[in-house]
Amino acid sequence: ELIDFDQVEDGDNDLLNVADYYHIINSCNFYLAKSDTTVTKNGYAEMKREWAAIQAIRGWAYLQLVRFYGSVPFITEPVNNTATASRLQKSAPRVTKDNLASLLTENGILDAYAIQHAYGLPNYQSVNIGNTSYATSQMFFPVQFILGDAYLMGNQYAKAAEMYYDYFYYTNSATNNSTYSAGNSRIVTNSVITGRYTDANNWVNAFRNRSASEKYVLSVSATNSFY
């Protein structure tokens, strides 16, 4: 129904419930408000990668809300009571496709972008779900995806292209974000790198042919109760 752009009422589809998305956003807001990215242990910044990952998750949730509902309250404050929720519902700015990118950048996603460049995605090794294992780093969104889609939604095509190009470049050349290898090659003109292209045979295969080394953000579940 969502793929076909059917006019589904809120709650009629299990994937279209505004409360679910705000539950994610509120959880992110609590985390971002409480985490301390200055804490270090043996010279390592313990919370930076997680902070950046949570920024991306919150951005993803707002991307979905804008796609499905058009205009919704943009809330970055943790909500733990109905009075706060009622106040923010009335006073919070409205986010739409036109201002989504700017609201995300004003509220920290560019810092998250810089952190992912420096430290990469969180990695807690692998999760065994019973019949296979998945790398935990694949369960997080690269910030370039979120910013690229937000810019594209707002018709800021040059900025969107810059984010996607940045994604291709750093997944190809840097180890920090190589979890999401896109299978791409350089375009070289007169010994200068002028662009990149996917290694898939064509655009459609880039989304369906796993041999092209593309990766997917995973949401995994256990195959039995033991896991």
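Contact means heavy atoms within 4.5 Å. The model is predicted: local features need pLDDT of at least 70, side-chain atom pairs count only at pLDDT 80 or more, and totals for chains, interfaces and linings use all residues. Residues are numbered from 1 along each chain as its sequence is written, and side-chain values use heavy atoms, with hydrogens and water left out.

**Exercise 1. Overall make-up**

Task: State what percentage of contacts between residues at least 6 apart in sequence join residues at least 24 apart.

Solution.
- Step 1. Take contacts in the protein between residues at least 6 apart in sequence; 58% join residues at least 24 apart.
- Step 2. Add the elements: eight helices and eight strands. Helices (H or I, at least four residues) and strands (E, at least two) are DSSP runs, numbered from the N terminus.
- Step 3. Add burial. Of 227 residues, 37% count as buried. Buried means under 20% relative accessible area, exposed over 50%, partly exposed in between (1.4 Å probe, protein chains only).

**Exercise 2. Helix H2**

Task: Check the span of helix H2 (residues 48-69) against its expected value.

Solution.
- Step 1. The expected span is 1.5 Å times one less than the number of residues.
- Step 2. For the 22 residues of H2 this gives 32 Å.
- Step 3. The end C-alpha atoms of H2 are 32 Å apart, which agrees.
- Step 4. Now the surroundings: 16 of the 22 residues are buried, so H2 is largely enclosed by the rest of the structure.
- Step 5. Gly70 follows H2, with a positive phi near 85 degrees.

**Exercise 3. H5 against H6**

Task: Describe how helix H5 (residues 109-119) and helix H6 (residues 143-153) cross.

Solution.
- Step 1. Two packed helices are described by the angle between their axes and the distance between the axes.
- Step 2. The axes of H5 and H6 come within 9 Å and cross at roughly 145 degrees. Axes are lines fitted to C-alpha atoms, for helices over the stretch in contact, and angles run from 0 to 180 degrees between N-to-C directions.
- Step 3. List the residues. H5 brings Ile109, Leu110, Ala112, Tyr113, Gln116 and His117; H6 brings Val143, Gln144, Ile146 and Leu147.
- Step 4. Sort them by class: seven nonpolar, three polar and no charged residues.

**Exercise 4. Positive phi outside glycine**

Task: Place Gln125 and Asn190 in their loops, and find whether each is buried or exposed.

Solution.
- Step 1. Gln125 has a positive phi of about 65 degrees. Its loop runs between H5 and strand S5 (126-128).
- Step 2. Gln125 is exposed, at 58% relative accessible area.
- Step 3. Asn190 has a positive phi near 55 degrees. Its loop runs between strand S7 (184-189) and strand S8 (192-198).
- Step 4. Asn190 is exposed, at 73% relative accessibility.

Terms used: Nonpolar A, V, L, I, M, F, W, Y, C, P; charged D, E, K, R; others polar.
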